[in-house]
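Hi,

Here is the structure I promised to pass on. Have a look at it first, then read my notes below.

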Amino acid sequence: MGNPKFEIKKRKDNEFMFNLKAGNGEIILTSEGYASKQGCKNGISSVKTNAPDDDNYERKVASNEQYYFTLKAQNGEVIGKSEMYTTTSARDKGIKSVQNNAPSADTVDLT
């Protein structure tokens, strides 16, 4: 297993985004698009700061009855969204994974 990491990528629309990957390489959080790379890096810093606090997670149910979560900053802005999960316990494990991995994750720029 490797180390957890944030990967900065460029989307097809030329916006920057990041994925937080756990040590096993699984994506556990995905950002929205950012107009600049610096904005994307600021988003990563916000995830590192806000990830440990359980109150910053919103547990949701998608229209297809799958479960996911969002991570919000102190201002209420969503800074990351999870993949879809088939059970609430799997979703809650995903939250724990972000809480454990985000604060110490390295950042890798793939742009």
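Y85 is buried, as its relative accessible area is 11% and anything under 20% counts as buried. Bear in mind while you read that this is a predicted model.

Aromatic rings are a good place to start. There are four aromatic pairs in the structure. One of them is Y57 with F69, an edge-to-face pair with 5.8 Å from centre to centre and 65 degrees between the planes. Y57 sits in strand β4 and F69 in strand β5, so this pair ties together parts that are 12 residues apart in sequence. Both residues are tucked away: Y57 is buried with a relative accessible area of 7%, and F69 is buried with 0%.

F69 also pairs with the Y85 I began with, and that pair is stacked, at 6.4 Å centre to centre and 10 degrees between the planes. Here the link is again between distant parts of the chain: F69 is in strand β5, while Y85 is in the loop between β6 (78-81) and α2, 16 residues apart. Elsewhere, ring pairs join F6, F18 and Y34 into a cluster.

One more ring to click on is Y68. K81 lies over its face, 5.1 Å from the ring centre.

Now for the core. Which residues have the most contacts inside the largest nonpolar core? They are F6, L20, V47 and V98, in a core of 23 residues. At least two residues of this core come from each of β1 (5-10), β2, β3, α1, β5 and α2. If you pick V98 and ignore residues up to four places away in sequence, you'll find that V98 touches L20, I28, L29, A51, Y57, F69 and P103. So you meet Y57 and F69 from the aromatic pair again here.

V98 is also one of the buried residues of helix α2; the others are R91, G94, I95, S97, Q99 and N101. What do they pack against? The buried residues of α2 pack against β2 (16-21), β3 (27-30), β4 (57-61) and β5 (67-72). As background, an α-helix has 3.6 residues a turn, so residues three or four places apart point the same way.

You can also do a quick sum on this helix. α2 covers residues 88-101, which is 14 residues, and at 1.5 Å a residue it should span 20 Å. The C-alpha atoms at its ends are 20 Å apart, so the two values agree. If you try the sum yourself, multiply 1.5 Å by one less than the number of residues.

The other helix I looked at is α1 (residues 37-50), where you'll find S46. S46 is buried, because its relative accessible area is 17% and the cut-off is under 20%. Leaving aside neighbours within four places in sequence, S46 is in contact with A73 and I79.

Last, a couple of backbone angles. Most residues other than glycine have a negative phi. N14 has a positive value, with phi near 70 degrees, and is not a glycine; N14 is in the loop between β1 and β2. E65 is not a glycine either, and its phi is positive at about 70 degrees. E65 lies in the loop between β4 and β5. Is E65 buried or exposed? With a relative accessibility of 57%, E65 counts as exposed.

Cheers

Key: Residues are numbered from 1 along each chain as its sequence is written. This is a predicted model: local features need pLDDT of at least 70, side-chain atom pairs count only at pLDDT 80 or more; totals for chains, interfaces and linings use all residues. Side-chain values use heavy atoms; hydrogens and water are left out. Helices (H or I, at least four residues) and strands (E, at least two) are DSSP runs, numbered from the N terminus. Buried means under 20% relative accessible area, exposed over 50%, partly exposed in between (1.4 Å probe, protein chains only). Contact means heavy atoms within 4.5 Å. A nonpolar core is a set of buried Ala, Val, Leu, Ile, Met, Phe, Trp, Tyr and Cys residues joined through side-chain atoms within 4.5 Å. Rings of Phe, Tyr and Trp (its six-membered ring) pair if their centres lie within 6.5 Å; planes under 30 degrees apart count as stacked, over 60 as edge-to-face and the rest as tilted. A charge sits over a ring if NZ of Lys or CZ of Arg is within 6 Å of the ring centre and within 35 degrees of the ring normal.
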